[in-house]
Amino acid sequence: MFWMTVSSNTQFRITVIHPLIVRVTHWINAVAVFCMLFSGWAIYNASPFFPFVFPKWATLGGWLGGALAWHFAAMWLFALNGLAYVLYGLFARHFARSFLPLSPRAFWRDAADAVRLRLAHRIGEYNAVQRVAYLVAFLLGLLLVASGLALWKPVQLQGLAALFGGYEWARRVHFLAMSGLVGFILLHLALVILVPHTLVAMVTGRARIPVDPVETRS
């Protein structure tokens, strides 16, 4: 890292806030999720259980067989990439550094500040609301994989399918988990639009961090 002075009173340092493995798994995950979403909507359209279907431009695969092929390929990419990220997060203590500590009090405090548009943002650090959002997204990902496996192999994995109440209920759980993940993605994209330099940081891994005056004197 190095120091950069932008005014007579303010100094910044350029530092790595997203390691390479975090950036690589993030972008692989983005590709896998969007492929799963669009192909999944095509699969849903073949046998809808709600009174609507998705527009053809929002689907992937062209036909049911093609959509299934895309969906399964993206699912394995999602699962293996997620496993790599989880292993890194645990053994390199990425989860502990980025998402802990977390408490209900901190969440409600930051949520109240966010509603009043007073929530401070420091790039490279997650507030309590973001930490909860990422935790929910992680749990939704696990639910998607589990319900997806129950749909893929309902006979071989009948015990797993039974946990969801059978094949048809597993479909609905899968759809609702997907809907929750879409909500997270929309929120995530909205925050990127509001704070665009976070996108640059996820590409380069680096960001300008304000320097504590005490640190510059030490």
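Buried here means under 20% relative accessible area. Keep that cut-off in mind as you move through this predicted model.

**Stop 1: helix 7**

Start by selecting residues 167-194, which form helix 7. Colour Ala 170, Arg 171, His 174, Phe 175, Ala 177, Met 178, Leu 181, Phe 184 and Ile 185, the buried residues of this helix. Which helices do they pack against? Show helix 1, helix 2 (64-91) and helix 5 (128-152), and you have the partners of those buried residues.

While helix 7 is selected, check its length. Its 28 residues should span 40 Å at 1.5 Å a residue, and the C-alpha atoms at its ends are 41 Å apart, which agrees.

**Stop 2: helix 1 against helix 7**

Now add residues 20-46, helix 1. The axes of helix 1 and helix 7 are 12 Å apart, and the two helices pack at an angle of about 135°. That angle makes helix 1 oblique to helix 7. Turn the view to look through the pair, and you will find a left-handed crossing.

Next, bring up the side chains where they touch. From helix 1 come His 26, Val 33, Phe 34, Leu 37, Trp 41 and Tyr 44; they meet Phe 175, Met 178, Leu 181, Val 182, Ile 185 and His 188 of helix 7. Sorted by class, this contact has 10 nonpolar residues, two polar ones and no charged ones. Phe 175, Met 178, Leu 181 and Ile 185 may look familiar, as they are among the buried residues of helix 7.

**Stop 3: helix 5**

Move on to helix 5, residues 128-152. Its 25 residues should span 36 Å at 1.5 Å each; the end C-alpha atoms are 36 Å apart, so expectation and model agree.

Which residues of helix 5 are buried? Select Ala 128, Gln 130, Arg 131, Ala 133, Ala 137, Leu 140, Gly 141, Leu 144, Ser 147, Gly 148 and Ala 150. Their cover includes helix 2, helix 3, helix 4 (104-115), helix 6 (158-163) and helix 7.

**Stop 4: helix 2 against helix 5**

Keep helix 5 on screen and add helix 2. Their axes come within 11 Å and cross at roughly 140°, and the two helices are therefore oblique to each other. Here too the crossing is left-handed.

For the side chains, pick Phe 72, Trp 76, Phe 78 and Val 86 in helix 2, which meet Phe 138, Gly 141, Val 145 and Trp 152 in helix 5. This contact divides into seven nonpolar residues, one polar and no charged.

**Stop 5: Ser 98**

Zoom in on Ser 98, in helix 3 (residues 94-99). Is Ser 98 buried or exposed? Its relative accessible area is 15%, so with the cut-off at 20% Ser 98 is buried. Leaving aside neighbours within four places in sequence, Ser 98 is in contact with Tyr 126 and Arg 131. Arg 131 is one of the buried residues of helix 5.

**Stop 6: the loop before helix 1**

Finish in the loop between strand 2 (11-16) and helix 1, where His 18 sits. With a relative accessible area of 11%, His 18 is buried. Beyond neighbours within four places in sequence, His 18 is in contact with Arg 23, Tyr 126, Ala 201, Met 202 and Gly 205. Tyr 126 also appeared among the contacts of Ser 98.

Pro 19 is found in this loop as well, but at 27% relative accessibility it counts as partly exposed. Draw a distance from its C-alpha atom to that of Gly 205: the separation is 6.3 Å, although these residues are 186 apart along the chain.

Terms used
Residues numbered from 1 in each chain as written. Predicted model: local features only at pLDDT ≥ 70, side-chain atom pairs only at ≥ 80, totals over all residues. Heavy atoms only, no water. Axes fitted to C-alpha atoms, helices over the stretch in contact; angles between N-to-C directions. Helix = DSSP H or I, 4+ residues; strand = E, 2+ residues; numbered from the N terminus. Parallel < 35°, antiparallel > 145°, perpendicular 65-115°, else oblique. Left-handed = near helix turned anticlockwise from the far one by under 90°. Contact = heavy atoms within 4.5 Å. Nonpolar A, V, L, I, M, F, W, Y, C, P; charged D, E, K, R; others polar. Buried < 20%, exposed > 50% of the residue type's maximum accessible area, 1.4 Å probe, protein only. Expected span 1.5 Å × (residues − 1).
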